[in-house]
Amino acid sequence: MTSFALILILVVPAIGMALLALIANYRIGSTLNVLLSATAFAGACLLFWAPMQAGSFFLIDSFNIYLVALNSFVGLTTSIFSATYIAHELEEGNLTPISLRFYHALYQAMMIAMSLALLTNNLGLMWVGIEIATLSTVVMVGIYRTPQAIEAAWKYFILGSVGIALAFFGTILLYLTAEGVLGEGIPAMTWSNLQENAARFDPALLSLAFVFLLVGYGTKVGLAPLHAWLPDAHAEGPTPISAVLSGLLLNVALYAVLRIKMIMAGNTDTIPAGLAMMIMGLTSLIFAAVMLYRRRDIKRLFAYSSIEHMGIITFAFGMGGPLANFAGLLHMTMHSLTKSGIFFAVGHIVQAKGTQKMSGITGLAKSHPSLAWALGIGVLAIAGVPPFGVFTSEFLVVTTTFARQPVLAMILALGIIIAFGALLMHLQKLLFGEPGGESHKVKASALPMFIHFALVLLAGLWLPPILVEWFKQVAEVLG
Amino acid sequence: MEASIDISHFLAGAVLALSFVLLYQARLFALFNAFAMQSTALAMAVGWQAYSQGASHLYITAALALVMKGMLIPGALRWVVVKMGIHRQIDPVVSVNLTLLLGVFLVILSIMVVFPVARMEGGIAREDLAFALSIILLGMLMMITRRNAIGQVIGFMSLENGLILAATGAKGMPLVVEISVAFSVLIAFFVFGVFIFRIREHFDTIDVDALSEMRGDAE
């Protein structure tokens, strides 16, 4: 069962990836891309019935099953959105058929690498997975080959490499820490072994490893002050990539940080790992919330909003405990679904208006009512308006914090309110007023974004008990 | 045992010294030569680790460092510079004296960070880690102080030399060879194929400063 699921998630897409690089017809390519993503999603669903186990290479526990399922689901909807999106880009001449072959192959490479990072029990392989996922997105960010796209890709590459390097050094330190207790070789790199034996590790060396890993993977999460690559990469790449960057890659990087935090939790003499995460999370939240006001580019706006939400999630997990972890998990899910849905809507809007500048996008309510609805719903949801799921999770984070750290809860609430104001201000300008600038028909499929928003709404109104049980279980594991 | 540790420290120290040499180069070709020397020193350091640990798979990493980074990449970079007619002087953002001073400071910092925590068992951990961290930080310093795309690439590669040194110094660490192979492939494809050529298509200079003016979100 498990191996069959793993084949569906990792091996089939890998074979498909090679095929995608060879297929010249973009229609066949994009259909195959959707099929492969669907296969991976089916595999991820099978994992729910698989026995939990920790081998020397793969680890199946409730935490990563949930993330793999979320990841491959958003991967699937994004591939559907992408199929219609790229058809338009091809007509406009923004992309060539050859670059599309790379695009599709890299899309699968990224998905496989993320699943590998999530499913592996080996910290070295986890690093390799995050690494490959990052590099394939770097190429995709630069795929338009405009000066801005190249600048964004270069910046992403340079800052990403620094993050990669620090995380790798941290991994080496962690190995050295474990090697003293567990002996040389694979066991000292295996996460489940490390977690079990953490109490016997040298706390000073373990703390040092954590600092490097937090800063290294934190760069990938987009935590301030290491976020500089994130807005550029989101703004200049194709919109499906912005959706997967925000919805998936940031989560995977945070997953890595959380796995390390779980090792730290087993050793009482280390530096407080949660505190460092709380500080970084709050800083990112406040910083991004303030930055939201002066944005002029619609994709940059939502990129900053991603920094804000990753800040909230990191803060919640940093605080720890069953309730805060539960809130963090829920917020992670809600943010992924909502933000990728928003990017789908933004992709349509940018194609309809021919610009990303918000000054060129006004009066959507008149010119494109259905897009205006989609964007309106999405932005209200992400800003934390009830009855959407993001409200539920933000409410949970804030109330949990109030019970334990009232002062921090005030700062947290302040950040959320600042961001709320900024988002509504921009939304009002985008939707209402006289339509200006160009206006094209939109042919692309609206299905993916409405599926996402419907799920977020459903989660806000009624959380299925199974999901609640599952999250509770994961929250316990996270400690 | 003692002599073995001394030799490994000597070679790691040579890699670190060459990191300093990289910092103050003002001409691209001199920079490539210094980088080739650093990679050769790294290859020797890794080769020595392979011999003293009896880990024959590390010879692959050593050979890779020697052939790829010691010969092929500097050669290819030279070819790129000549072919594309790139300006061969690099103007550092920060003065050479200040850069070197910062470099010394970073080495002291890494010693202060690593020494109190790392243990001395087996002899490898402490000094090797301090050397490696210094090389990594110096590579970052180089990436910051060089605004030129090729300078930044060299900075990244010297940083990666530090990582390989740390990884090979950690006894029995799995995946080291695979990761070093992946790094080499990455550098070869990525840097040359994708970026520098594309940047050249659009700009007369590959100075990253010129790119910064194209920001999409003017404030």
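The following exercises, each with a worked solution, concern a predicted model of a structure with chains A and B.

Residues are numbered from 1 along each chain as its sequence is written, and chains are lettered from A and ligands numbered from 1 in the order in which they are written. Because the model is predicted, local features need pLDDT of at least 70 and side-chain atom pairs count only at pLDDT 80 or more, whereas totals for chains, interfaces and linings use all residues.

**Exercise 1. The build of chain A**

Task: State what secondary structure chain A has, and how its radius of gyration relates to the globule rule.

Solution.
- Step 1. Helices (H or I, at least four residues) and strands (E, at least two) are DSSP runs, numbered from the N terminus. Chain A has 19 helices and 2 strands.
- Step 2. The radius of gyration is taken over C-alpha atoms, and the globule rule is 2.2 Å times the number of residues to the power 0.38. For the 479 residues of chain A the rule gives 23 Å; the radius of gyration is 21 Å, close to that value, so chain A is as compact as a globular protein of that length.
- Step 3. The C-alpha trace of chain A spans about 65 × 55 × 45 Å along its principal axes.
- Step 4. A residue is buried if 20 or more other C-beta atoms lie within 10 Å of its own, exposed if 12 or fewer, and partly exposed in between, with C-beta atoms placed from the backbone. In chain A, 62% of the 479 residues are buried.
- Step 5. Two residues are in contact if their C-beta atoms, placed from the backbone, lie within 7 Å. Of the contacts in chain A between residues at least 6 apart in sequence, 81% join residues at least 24 apart.

**Exercise 2. The build of chain B**

Task: Give the secondary structure of chain B and the share of its residues that is buried.

Solution.
- Step 1. Chain B has 8 helices and 0 strands, and its pattern along the sequence reads α-α-α-α-α-α-α-α.
- Step 2. Of its 219 residues, 47% are buried.
- Step 3. Among contacts in chain B with a separation of 6 or more, 68% involve residues 24 or more positions apart.
- Step 4. Ser95(B) lies in the loop between helix H3 (58-84) and helix H4 (96-114) of chain B. Ser95(B) has 10 other C-beta atoms within 10 Å and is exposed.

**Exercise 3. Two packed helices**

Task: Describe how H2(A) and H3(A) are oriented to each other and which residues make the contact.

Solution.
- Step 1. Two packed helices are described by the angle between their axes and the distance between the axes. Axes are lines fitted to C-alpha atoms, for helices over the stretch in contact, and angles run from 0 to 180 degrees between N-to-C directions.
- Step 2. Helix H2 (residues 26-46) and helix H3 (residues 62-92) of chain A pack at about 170°, with their axes 8 Å apart.
- Step 3. Angles under 35 degrees count as roughly parallel, over 145 as roughly antiparallel, 65 to 115 as roughly perpendicular and the rest as oblique. H2(A) and H3(A) are therefore roughly antiparallel to each other.
- Step 4. The contact includes Phe41(A) and Ala44(A) of H2(A), and Phe73(A) and Leu76(A) of H3(A).
- Step 5. The contact residues comprise 15 nonpolar, 7 polar and no charged. Here Ala, Val, Leu, Ile, Met, Phe, Trp, Tyr, Cys and Pro count as nonpolar, Asp, Glu, Lys and Arg as charged, and the others, Gly among them, as polar.

**Exercise 4. Helices H11, H12 and H16 of chain A**

Task: State the span of H12(A) and how many of its residues are buried, then treat H11(A) and H16(A).

Solution.
- Step 1. The expected span of a helix is 1.5 Å times one less than its number of residues. H12(A), with 22 residues, reaches 32 Å from its first C-alpha to its last, close to the expected 32 Å.
- Step 2. In H12(A), 22 of the 22 residues are buried, so this helix is largely enclosed by the rest of the structure.
- Step 3. Gly320(A), which follows H12(A), has a positive phi near 75°.
- Step 4. H11(A) (residues 273-291) has 19 residues and reaches 27 Å, close to the expected 27 Å. Its buried residues include Met277(A) and Leu285(A), and H8, H10, H12 and H17 of chain A are among the elements that cover its buried residues.
- Step 5. The 16 residues of H16(A) should span 22 Å, and the end C-alpha atoms are 23 Å apart, which agrees. Glu394(A) is one of the buried residues of H16(A).
- Step 6. Phe402(A) is also in helix H16, but this residue is partly exposed, with 15 C-beta neighbours inside 10 Å.

**Exercise 5. Cis peptide bonds**

Task: State where Pro225(A) and Pro387(A) are found, and the omega of the bond leading to each.

Solution.
- Step 1. Most peptide bonds are trans.
- Step 2. The bond from Ala224(A) to Pro225(A) is cis, with omega near 5°; Pro225(A) is in the loop between H8 and helix H9 (229-236) of chain A.
- Step 3. The bond from Pro386(A) to Pro387(A) is cis, with omega near 10°; Pro387(A) is in the loop between helix H15 (369-383) and helix H16 (389-404) of chain A.
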